[in-house]
Amino acid sequence: MQGTKAIAVHEITRKFGTATAVDRISFEVDRGEFFGFLGPNGAGKTTLIRMLTTLLVPTGGKAVVAGFDVAEDPSEVRKHIGVVPQAMTSDLDLTGRENMDIYGRFYGIRARQRKERVERLLEMVGLAQRADDLVATYSGGMRRRLEIARVLVHRPELLFLDEPTIGLDPQSRRVVWDLLRKLTEGGSITIFLTTHYMEEAETLCGRVAIIDAGRIIAMGSPAELKAGIPGNDIITLRVGGLTGEIVQSIKKLPFVHNVGMEDESIRVSADNGAENLPGLIDAVRASGGTILSASVHEQSLEDVFIHYTGKSIREEEARKINFLVGAGIPRGFGR
Ligand SMILES: Nc1ncnc2c1ncn2[C@@H]1O[C@H](COP(=O)(O)OP(=O)(O)OP(=O)(O)O)[C@@H](O)[C@H]1O
Ligand SMILES: [Mg+2]
């Protein structure tokens, strides 16, 4: 690989008509890094990944992937990367092994080497026993693992995964996470992943960029991102008889940083939540409110997202899963 960075992106932009899906995004990823883009529906994750993987031409800016410019040298870029798109693409009418073999043929890998690699990879993703069954009989998690194994057949230096665990049950999701962790252990592969799962970004990624409406709104390690917002805990109170006066009295407390309101609930970012909870409850009561429930949790990436955007990613999740699996933008569309 030429250059020192696995990915170097400068003000990359993609417009569709008058709408800007990706808006002057810049970032760099070192070799061997596990880097994540976290963002809600329509944030621009897929558009960005399609530009970085040469499937979509940027309308502005520049991206160098594996040492090659995506606009000037797309075929060189493709040789060095593996791409697992958002929608599942393995062929249901073929077996797992056949899917892998065809992919190896596309890359011109010789028969003996192909066979060896396919065997080893099927073993690695735990599909050796099911390799000769039709993919139509696989679970979603098995299919995802097959698709990850498949893009490793040509030994890419860089792996792009667009929402790799979308729609999987929690157990299958963990199996995919373990697999991805195992891949980066040697430090020889760089992973770029998009997700809207906080936990996924938090547990897997060394660094995370939070993206919303086509722009990066924060970037850093999960710990840095959390440290970058005020307070260290979130206290959620459900309050009967909630009034503006109650909210004002909470805002005046010295340990309180931010107060958000949703229906009957108040979301307070605070220092030392557990210790300060009684003080908060006292303030609500003194202003005439009744406490219906109270909870304290440490700030997470979800809270970082809410801090910067004023909205929650979680709300969008259910809607998306219903809609997504198997969907995707047809090849060549929007180029
Ligand atoms: N081919 C296209 N033509 C027109 N608009 C597009 C096209 N592809 C994407 N968009 C728009 O660009 C924006 C970003 O879409 P994109 O698919 O990149 O978001 P995303 O973050 O991947 O969302 P999701 O979480 O739903 O996968 C959206 O407003 C989308 O409607
Ligand atoms: Mg997408």
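**The magnesium site and its surroundings**

With a relative accessibility of 21%, Thr 46 falls in the partly exposed class, because that class starts where buried ends, and buried means under 20%. In this predicted model, Thr 46 sits in helix α1 and supplies one of the protein donors of the magnesium ion (ligand 2), through OG1. The other protein donor is OE1 of Gln 86, and the pair lies 1.9 to 2.2 Å from the ion. The two come from distant parts of the chain: helix α1 covers residues 45-52, while Gln 86 belongs to the loop between β6 and α3. In sequence Thr 46 and Gln 86 are 40 residues apart, and in space their C-alpha atoms are 7.6 Å apart. Gln 86, at a relative accessible area of 15%, counts as buried. Once neighbours within four places in sequence are set aside, Thr 46 is in contact with Gln 86 and also with Asp 162.

Stepping back to the whole chain, there are 12 helices and 14 strands. Of the 335 residues, 50% count as buried. The C-alpha atoms fill a box of roughly 75 × 45 × 35 Å along the principal axes. Among contacts with a separation of 6 or more, 72% are between residues 24 or more positions apart.

Next comes the sheet. Six strands make up an open sheet, in the order β6-β7-β8-β3-β9-β10, with mixed pairing. At its edges are β6 (81-84) and β10 (215-220), each of which pairs on one side only. From one strand to the next, the twist averages 15°. Within the sheet, β3 (residues 34-38) runs parallel to β9 (residues 207-212), and 4 bridges join the two. Phe 37 stands opposite Ala 209 of β9. Helix α11 (residues 301-309) lies across β3, β9 and β10, and runs at about 40° to β9.

As for the interior, the largest nonpolar core has 46 residues, and Ile 148 and Leu 180 are those with the most contacts inside it. Helix α6 (residues 170-185) gives this core its largest share, 5 residues. A second core, separate from that one, has 28 residues, including Ala 6, Ile 7, Leu 56 and Val 70. Back in the largest core, Leu 180 touches a set of residues that are over four places away in sequence: Phe 34, Ile 148, Leu 161, Pro 164, Ile 191, Leu 193 and Leu 204. One of these, Ile 148, is the other residue named for having the most contacts in that core.

Helix α3 (residues 96-106) has its own buried set, made up of Gly 96, Asn 99, Met 100, Tyr 103 and Gly 104. These residues lie on the same side of α3, because they cover an arc of only 135° around the axis. The spacing fits the usual helix rule: there are 3.6 residues a turn, so residues three or four places apart point the same way. The buried residues of α3 pack against α4 (111-124) and α5 (140-150). After α3 comes Gly 108, with a positive phi near 70°.

Gly 108 is not alone in having a positive phi, as Thr 54 and Arg 155 show. Thr 54, although not a glycine, has a positive phi of about 70°. Thr 54 lies in the loop between α1 and β4 (60-65) and, at 5% relative accessibility, counts as buried. Arg 155, also not a glycine, has a positive phi of about 55°. Arg 155 is found in the loop between α5 and β7 (158-162).

Another positive phi turns up in a hairpin. Strands β12 (residues 256-262) and β13 (residues 265-270) pair in the antiparallel sense over 6 bridges. Gly 260 has Arg 267 of β13 as its bridge partner. The hairpin has 2 residues between its strands, and Asp 263 takes a positive phi near 45° there.

Methods. Residues numbered from 1 in each chain as written. Chains lettered and ligands numbered in written order. Predicted model: local features only at pLDDT ≥ 70, side-chain atom pairs only at ≥ 80, totals over all residues. Heavy atoms only, no water. Core = buried A, V, L, I, M, F, W, Y, C linked by side-chain atoms within 4.5 Å. Buried < 20%, exposed > 50% of the residue type's maximum accessible area, 1.4 Å probe, protein only. Contact = heavy atoms within 4.5 Å. Arc of directions from axis to C-beta. Pairing = 2+ DSSP bridges. Axes fitted to C-alpha atoms, helices over the stretch in contact; angles between N-to-C directions. Donors = N, O, S within 2.8 Å, 3.2 Å for Na, K, Ca; no water.
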